[in-house]
Amino acid sequence: MTAVSGSSDLQRIKEEIIFGMKVLRGEGVLEQNMGHLSYRLDDGNICMIGHLHDKAKTFDEMGPEDMVVIDPDGKLVEGTLNPVGERVIHTAVLAARPDVRSVIHAHPKTSMLFGITGQPILPVYMNATIFAPSVPILDYAAQIDTPELGRQVAETLGNNYALLLRGHGTVSVGADIREAVVVAVMLEAAADLQWRASVLGTPRPVRMDELDGRNVKGTKHAHNVANQWAFYSQKY
Ligand SMILES: [Zn+2]
């Protein structure tokens with residue numbers, strides 16, 4: 001994974017979370033007013049969006065004042081909003097994955113088709129080979145709102161970059177906010193391409209002999225992340 005973000009300057013992190021969520025909305029990953037992106041601070045606490053619905057606020061209206069800081073058990077440390085119920089997805093994945101500092105939970109439509117039908121999202125295009133051999137599916141469609149369900153999410157995710165929650169949504173991860181955002185967009189792009197390809201014929205995933213680890217030969221995931229983030233920085 002790419003390098004970990006350096007300083008835990010909270011204001012800068014809150015702004016990067018808001019920017020990351022703006023990218024995720026623009027790229028069709030965050031649907032309506034739902035979903036969240038978190039970041040693990042240097043002290044182990046977690047910064048993420050609070051329960052905006054309490055204020056009847058939309059993502060378009062959110063600002064740094066709507067962020068909360070929770071401890072690794074999900075208890076509120078700082079902020080005026082309540083933490084979201086599904087924070088257990090973030091606390092459990094961050095506890096299980098020292099290599100991960102940013103987690104995204106979203107409900108993007110095309111990825112969800114694969115969770116609903118139980119069909120694996122395959123590495124069908126070169127940027128998506130990080131998902132090889134396939135994206136695991138947690139066979140549970142209800143809210144993830146208890147520590148035990150959070151642990152099941154983390155366990156099913158394992159060492160992968162992403163996970164599908166059947167009938168519910170997705171979880172994707174990165175070593176920093178930008179990687180988690182790019183991975184979340186890549187997941188939906190992979191699902192979208194595979195779905196469209198399956199209309200024309202049988203999708204053919206990238207073959208093992210075309211891979212170098214989790215990258216297709218001749219490419220580097222870290223370069224793809226940097227490249228795509230630079231593009232989003234211009235676009236949004
Ligand atoms: Zn959800």
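Buried residues account for 43% of the 236 residues in the chain. The model is a predicted one, and its pLDDT averages 93 over the chain, with 97% of the residues scoring at least 70. The weak spot is residues 1-7, where the pLDDT is below 50. In the model this stretch still has 16 contacts beyond near neighbours in sequence. Where pLDDT is low, though, the predicted coordinates should not be read in detail.

As for the overall build, the secondary structure comes to 6 helices and 10 strands. The radius of gyration is 17 Å, close to the 18 Å that the globule rule gives for 236 residues, so the chain is as compact as a globular protein of that length. The C-alpha trace spans about 50 × 35 × 30 Å along its principal axes. Among contacts with a separation of 6 or more, 67% are between residues 24 or more positions apart.

Turning to the interior, the largest nonpolar core holds 60 residues, and the members that touch the most others are L24, V93, V183, A184 and L187. Helix α5 (residues 177-200) gives the most to this core, with 12 residues. L24 makes a handy entry point for looking at its surroundings: leaving aside neighbours within four places in sequence, L24 is in contact with V29, L30, L37, I104, A106, V181 and A184.

One of those contacts of L24, L37, leads to strand β1 (residues 36-40). Here 5 of the 5 residues are buried, so β1 is largely enclosed by the rest of the structure. H36, S38 and R40 point one way from the strand, L37 and Y39 point the other way, and all are buried. Strand β1 has two pairings to look at. With strand β5 (residues 102-106) it runs antiparallel, joined by 4 bridges, and H105 in β5 is the bridge partner of H36. With strand β2 (residues 46-49), β1 pairs in the antiparallel sense over 3 bridges; in this case Y39 has C47 as its bridge partner in β2. The hairpin of β1 and β2 has 5 residues between the strands, and G44 takes a positive phi near 95° there.

Helix α4 (residues 147-157) has a clear inward face. Its buried residues are G150, V153, A154 and L157. These cover an arc of only 95° around the axis, which puts them on the same side of α4. What they pack against is a mix of elements: α2 (87-96), β6 (137-138), β7 (162-165) and β8 (169-174). Just after the helix, G158 takes a positive phi of about 55°.

Two of the strands packed against by α4, β7 and β8, also frame the loop that holds H168. H168 counts as partly exposed because 19 C-beta neighbours lie inside 10 Å, whereas 20 or more would make a residue buried. Not counting residues up to four places away in sequence, H168 touches H107 and A141. The C-alpha atoms of H168 and Q143 are separated by 7.8 Å, with the two residues 25 apart along the chain.

Finally, a few backbone oddities are worth a look. Most residues other than glycine have a negative phi, and most peptide bonds are trans. Against that background, A132 and P133 are joined by a cis peptide bond, with omega about 0°. P133 lies in the loop between α3 (109-117) and β6. Q32 is not a glycine, yet its phi is positive at about 50°. The residue belongs to the loop between α1 (10-26) and β1, and Q32 counts as exposed, with 9 C-beta neighbours inside 10 Å. A56 is another non-glycine with a positive phi, in this case about 55°. A56 sits in the loop between β2 and β3 (67-70), and with 8 other C-beta atoms within 10 Å, A56 is exposed.

Notes:
Residues are numbered from 1 along each chain as its sequence is written. This is a predicted model: local features need pLDDT of at least 70, side-chain atom pairs count only at pLDDT 80 or more; totals for chains, interfaces and linings use all residues. The radius of gyration is taken over C-alpha atoms; the globule rule is 2.2 Å times the number of residues to the power 0.38. A residue is buried if 20 or more other C-beta atoms lie within 10 Å of its own, exposed if 12 or fewer, and partly exposed in between; C-beta atoms are placed from the backbone. Two residues are in contact if their C-beta atoms, placed from the backbone, lie within 7 Å. A nonpolar core is a set of buried Ala, Val, Leu, Ile, Met, Phe, Trp, Tyr and Cys residues joined through C-beta atoms within 7 Å. pLDDT is the predictor's confidence in each residue, from 0 to 100. Two strands pair if DSSP finds at least two bridges between them. The arc is that of the directions from the helix axis to the C-beta atoms.
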